[in-house]
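Work through the three exercises below. Keep the sequence and the structure open as you go.

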Amino acid sequence: MSSVTLPVSSPSTAVVVQEEVRAALAEGRGVVALESTILAHGLPHPDNIAIAAQIEDAVRAGGAVPATIAVLGGVVHVGLGPAELERICTAPDVAKLSMRDLGVAVALGLDGATTVASTSAVAHLAGIRVFATGGLGGVHRGASATFDVSADLGVIASTPVLVVCAGVKSILDVPGTLETLETLSVPVLGYRTKAFPGFYLSDSGHEVPWRVESAAEAAAVVVARDRLGTDAAGVVLANPLPEDRQVERGLHDRLVAEGLAVLEREGVHGKDVTPRLLEYFHDNSGGESLRANVELVLSNARLAGEVAAHIVAQSAGAGAAPAGAAPAGGAEPAGAAGLGS
Ligand code: PSU
Ligand code: MN
């Protein structure tokens, strides 16, 4: 893989941008950042290797170039080649790096997977405006006693990146998470819905303030915020699984109750909570949690690719183009520049 150092005010050669990603950014094509914690800690090995490639393909199908972000040997990578993706999916000692951990991993020369928080921050540094993930971190149940609120929320509040997700899992305090996003002035858009999705469930039972009907409308929000100068914070675009693809409610509720009990029994806390829960779900759902997880991530990646393509088209064109005015998703052929990764 060929890489170049960041052309922007990069602190050092500790950050490298993959050639295809650099070219796409320079040519004004859409780019979508992807996180690596879902690969290293959210999906089981060895399925994660094939899924990582599928997620990148979904971004391309949406009309943008994928840039999976991770730290390898103390170097922050924006865009991974196949061998690097496999390393982050396979190495047994990959750290989970939130924003605060990035500098530590660089200093100590570690391998690490980036969360929503750190991926958003690195994406912004590289000039990437859209990011696709599965579920956001949020306010944990009992947070008023444990203070366990994901750093994802604070970083999104101070990083102008649009994050496409399937909401948050119902192991979290969902209304508390939505209230916190409101307090932090982060807009939450439902994609063709007013229902905030609950990750495995299409509807968490809580409403979002705004509904958009298309990738073009979501992109128009980013462009409008940019023009108004109210874009210091990120935007959350919540994309639910179709109702007939969600995890069956009885199974879901059983897994959540059992998963929370397992955490309690094992004394799991802090950054280990989310990976342990996901592992419990994957081990005890007969494949259903993995199926739904993969489907929602692929759907988010595809949508993010479409939004990224619309943002560059609308930013380049005159006036804030409303829905339908920009090219349809997928208009940008995959690998248009013929640059391999
Ligand atoms: N939610 C999921 N799967 C995940 C995560 C969240 O359904 O893999 C990961 C993301 O990387 C997210 C992180 O940023 O967990 C949040 O962790 P914490 O709650 O420790 O901040
Ligand atoms: Mn936490």
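UniProt positions are given in the numbering used here, and annotations may be inferred rather than shown by experiment. The model is predicted.

**Exercise 1.** Locate the residues that UniProt lists for "binding site" and relate them to the largest pocket.

Step 1. The unreviewed UniProt entry lists Lys96, Val116, Ser150, Ala151 and Asp152 under "binding site".
Step 2. They spread over 57 residues of sequence, yet they cluster in space, with a largest C-alpha distance of 13.0 Å.
Step 3. Check the pocket: Lys96, Val116, Ser150, Ala151 and Asp152 are included in the lining of the largest pocket.

**Exercise 2.** Classify Ser150 and Ala151 as buried, partly exposed or exposed.

Step 1. Place them. Ser150 sits in the loop between helix H7 (143-146) and helix H8 (151-157). Ala151 belongs to helix H8.
Step 2. Apply the cut-offs: buried is under 20% relative accessible area, exposed is over 50%, and partly exposed is in between.
Step 3. Ser150 has a relative accessible area of 18%, so Ser150 is buried. Ala151 has 38%, so Ala151 is partly exposed.
Step 4. List contacts, leaving aside neighbours within four places in sequence. Ser150 contacts Gly137 and Gly138. Ala151 contacts Ser98 and Ala117.

**Exercise 3.** Describe how Lys271 is placed relative to Lys96.

Step 1. Lys271 lies in the loop between helix H11 (249-266) and helix H12 (273-284).
Step 2. Its relative accessibility is 41%, so Lys271 is partly exposed.
Step 3. Lys271 and Lys96 are 175 residues apart in sequence, but their C-alpha atoms are 7.7 Å apart.
Step 4. Beyond neighbours within four places in sequence, Lys271 is in contact with Lys96 and Asp101.

How values were computed:
Residues numbered from 1 in each chain as written. Chains lettered and ligands numbered in written order. Predicted model: local features only at pLDDT ≥ 70, side-chain atom pairs only at ≥ 80, totals over all residues. Heavy atoms only, no water. 1 Å grid on protein atoms, 1.4 Å probe; cavity = no way out; pocket = protein on both sides within 12 Å on 5 of 7 lines; lining within 4 Å. Helix = DSSP H or I, 4+ residues; strand = E, 2+ residues; numbered from the N terminus. Buried < 20%, exposed > 50% of the residue type's maximum accessible area, 1.4 Å probe, protein only. Contact = heavy atoms within 4.5 Å.
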